[in-house]
Amino acid sequence: MKFSREEIEALAALPDDQLWAKVQSIAKTYGLTLPEKTPSHAELEKLRQIALGGKISMPEAMYLINKYKKGAK
């Protein structure tokens, strides 16, 4: 799934609950189930910064994915 820069900026501008709902929806298309509970504002700010071009290492990305997957149980 590819997003244009405008789509990413629109997603990043969403309130936390709406952004998390969209992230959950996208994750489901890849077979991932994420927790229903919206992560903290600080966690979502990290995701926003990454989406807007911030740098993240592969270990950091895997940590976030595993953290959210574990929270889904």
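pLDDT is the predictor's confidence in each residue, on a scale from 0 to 100. This model is predicted. The protein averages a pLDDT of 86, and 96% of the residues score at least 70. Confidence varies between elements: helix α2 has the highest mean pLDDT, 93, while α4 has the lowest, 77.

## The nonpolar core

Start with the inside. In soluble globular proteins, nonpolar side chains tend to be buried together. The largest nonpolar core here has 8 residues. They are L11, L19, W20, A27, L34, L44, L64 and Y68. Two elements, α2 (16-29) and α4 (58-71), give two or more residues to this core. The largest share, 3 residues, comes from α2.

Take L19 as an example of a core member. What does L19 touch, once residues up to four places away in sequence are set aside? The list is L11, L14, L44 and R48. L11 and L44 are also named in the core. R48 will return below, among the salt bridges.

## Buried residues outside the core list

Now look at Q24, in helix α2. Q24 is buried because its relative accessible area is 11%, and the cut-off for buried is under 20%. Leaving aside neighbours within four places in sequence, Q24 is in contact with L34, P35 and E36. L34 is one of the core residues.

E43 sits in helix α3, which covers residues 41-51. Is E43 buried or exposed? E43 is buried, with a relative accessible area of 13%. Beyond its neighbours within four places in sequence, E43 is in contact with L64, K67 and Y68. L64 and Y68 are members of the core.

## Salt bridges

Side chains of opposite charge can pair when their charged atoms come close. How many salt bridges does the structure hold? There are 4. The table gives three pairs, among them one that joins two helices.

| Pair | N to O distance | Location |
|---|---|---|
| R5 and E9 | 3.3 Å | both in α1 |
| R48 and D16 | 2.9 Å | R48 in α3, D16 in α2 |
| E43 and K46 | 3.4 Å | both in α3 |

R5 and E9 are 4 residues apart, about one turn of the helix. R5 is partly exposed, at 42% relative accessible area. E9 is partly exposed too, at 40%.

R48 and D16 form a salt bridge with their closest N and O atoms 2.9 Å apart. R48 lies in helix α3 and D16 in helix α2, so this pair ties together parts that are 32 residues apart in sequence. R48 counts as buried because its relative accessibility is 6%. R48 also belongs to a network of salt bridges that links D16, E45 and R48.

E43 and K46 are 3 residues apart, about one turn of the helix. E43 counts as buried, at 13% relative accessibility. K46 counts as partly exposed, at 46%.

## The surface

Next, the outside. Which residues form a nonpolar patch on the surface? M1, F3 and Y30 do. Together they have about 340 Å² of accessible area. M1 lies in the segment before α1 (5-12). M1 counts as exposed because its relative accessibility is 57%, and the cut-off for exposed is over 50%.

A13 is in the loop between α1 and α2. A13 is exposed, with a relative accessible area of 63%. Y63 lies in helix α4. Y63 counts as exposed, at 54% relative accessibility.

## Two distances from A13

How far is A13 from other parts of the chain? A13 and R48 are 35 residues apart along the chain. Their C-alpha atoms are separated by 8.5 Å. Y63 and A13 are 50 residues apart along the chain. Their C-alpha atoms are separated by 24 Å.

## In short

Helix α2 gives the largest share of the core. Helix α2 also holds D16, the salt-bridge partner of R48. Helix α3 holds E43, which is buried and forms a salt bridge with K46. M1, F3 and Y30 make up the nonpolar surface patch.

Notes: Residues numbered from 1 in each chain as written. Predicted model: local features only at pLDDT ≥ 70, side-chain atom pairs only at ≥ 80, totals over all residues. Heavy atoms only, no water. Core = buried A, V, L, I, M, F, W, Y, C linked by side-chain atoms within 4.5 Å. Buried < 20%, exposed > 50% of the residue type's maximum accessible area, 1.4 Å probe, protein only. Contact = heavy atoms within 4.5 Å. Patch = residues over 30% accessible without salt bridge, like charges linked within 9 Å, V, L, I, M, F, W, Y side chains within 5 Å. Areas by Shrake-Rupley, 256 points an atom, 1.4 Å probe, with all protein chains shown as cover. Salt bridge = Lys/Arg side-chain N within 4 Å of Asp/Glu carboxyl O.
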